[in-house]
Amino acid sequence: MPETEISSVLREPRFVVKKFQAIAQREGAGAVVRRSIGRFELRYFDPFLVLDEFQVTAPGGFPDHPHRGFETVTYMLQGAVTHEDFKGHKGTIRAGDLQWMTAGKGIVHSEMPASQGTQKGLQLWINLSSKHKMIEPRYQEMLSKDVAEVSKDGIKVRVIAGEALGTKSQIYTRTPTMYLDFTLKPGAHLQQPIPFKWNSFIYVLEGEGVFCSKESSPTKPHYILLLGSGDGVEAWNQSSKLLRFILVGGEPLGEPVVQYGPFVMNTQEEIDQTIDDYEYCINGFENAKH
Ligand code: FJE
Ligand code: FE
């Protein structure tokens, strides 16, 4: 009997179509980001605009800046970041905590280190469809202890968004998205379904992983793998150390994208309007006066 067929839950596993390393660059005020999606090699991976693995150390950070037309997902890996917006919404995101911010028609906020030492995290920008770009801003915040976590067969997964190993996240994704934080023990093998039409990628955080083909060369931290079409992905930890990576997928919007820094709309006219709205503090930027 062909044992490989019997144990497989995937009919059409995805392959890697692109792989590159995220190089560190300066952003904000003295912050450092390893940007994978959103850099010149990859301007946009529908619906994902940016993936930054960031590092901030006081007095650096991301002082007051606006957003419109998309969502930011901040997931802390080490230390803590304090955010404060123009309506007085404020909080601290600590290691393992999650902030899912729907900027919609407008948010102005700062994101600054909350303690001494180096704060590390991931920030993902997810585009919103034209009919959702101007919705009221919304926050979904989750403490580390409330993030759904399951372990099975040497695999641990923290379900930020979507579903894995039979466990669902409570996060509502306006643009349908999955976001999974996997840790595989040495020898573990993962088969994770992904909706067929979705774009998806893997970003390695720790250790070395073998992805999509058992014979492929191992992938190290700070590398992103863009996956081709298929019904899911396979991963192996063939090393002697823990392997940690995120798997993110999303339904492509298939709409034109015009980006001007932190404003992401469908047309140049909408960007011009947004620049005016921000300058005159109107249409969602009312509270930016102060
Ligand atoms: C931004 C430059 C920036 N990646 N990762 C330009 F740095 C930012 C920005 C961030 C950011 C913030 C955190 Cl906490 C983590 C980040 C970029 O704030 F929005 C623009 N437009
Ligand atoms: Fe921001």
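## Exercises around an iron site, a sheet and some rings

At 1% relative accessibility, His67 counts as buried. That value comes from a predicted model, and we will meet His67 again in the first exercise.

**Exercise 1. Which protein donors hold the iron ion (ligand 2), and what arrangement do the donor atoms make?**

Step 1. Start with the contacts: His65, His67 and His109 each offer NE2, and Glu111 offers OE, at 2.1 to 2.4 Å from the iron ion (ligand 2).

Step 2. Now look at how these residues are spread along the chain: the spacing is H-x1-H-x41-H-x1-E.

Step 3. Turn to the angles. Tetrahedral geometry would need all angles between 85 and 135 degrees. The four donor atoms here subtend 82 to 176°, so the arrangement is irregular. For reference, the ideal angle for four tetrahedral donors is 109.5 degrees.

Step 4. Finally, check the burial of His65. The cut-off for buried is under 20%, and His65 has 17% relative accessibility, so His65 counts as buried.

**Exercise 2. What is the strand order of the open sheet of seven strands, and which strands are at the edge?**

Step 1. Follow the pairing across the sheet: the order reads S1-S21-S19-S23-S17-S14-S13, and the pairing is antiparallel.

Step 2. Find the strands that pair on one side only: these edge strands are S1 (16-21) and S13 (148-152).

Step 3. Add the twist, which averages 20° from one strand to the next.

Step 4. Zoom in on one pairing. Strand S17 (residues 177-184) and strand S23 (residues 243-250) run antiparallel and are joined by eight bridges. Here you can find Tyr179 opposite Val248 in S23.

**Exercise 3. How many aromatic pairs does the structure hold, and which parts does the pair of Phe263 and Tyr278 tie together?**

Step 1. The count is 10 aromatic pairs.

Step 2. Take Phe263 and Tyr278: their ring centres are 5.8 Å apart and their planes meet at 70°, so this pair is edge-to-face.

Step 3. Place both residues. Phe263 belongs to strand S25 (residues 263-265) and Tyr278 to helix H2 (residues 268-280), so the pair ties together parts that are 15 residues apart in sequence.

Step 4. Compare accessibility: Phe263, at 4%, counts as buried, whereas Tyr278, at 29%, counts as partly exposed.

Step 5. Move on from Tyr278 to Phe285. These two rings also form an edge-to-face pair, 5.3 Å centre to centre with 70° between the planes. Phe285 has 0% relative accessibility and counts as buried.

Step 6. Elsewhere, ring pairs link Phe45, Phe48 and Phe201 into a cluster.

Technical notes. Residues numbered from 1 in each chain as written. Chains lettered and ligands numbered in written order. Predicted model: local features only at pLDDT ≥ 70, side-chain atom pairs only at ≥ 80, totals over all residues. Heavy atoms only, no water. Pairing = 2+ DSSP bridges. Helix = DSSP H or I, 4+ residues; strand = E, 2+ residues; numbered from the N terminus. Axes fitted to C-alpha atoms, helices over the stretch in contact; angles between N-to-C directions. Donors = N, O, S within 2.8 Å, 3.2 Å for Na, K, Ca; no water. Tetrahedral: all angles 85-135°; square planar, octahedral: opposite > 155°, others 65-115°. Buried < 20%, exposed > 50% of the residue type's maximum accessible area, 1.4 Å probe, protein only. Phe/Tyr/Trp six-rings, centres within 6.5 Å; stacked < 30°, edge-to-face > 60°.
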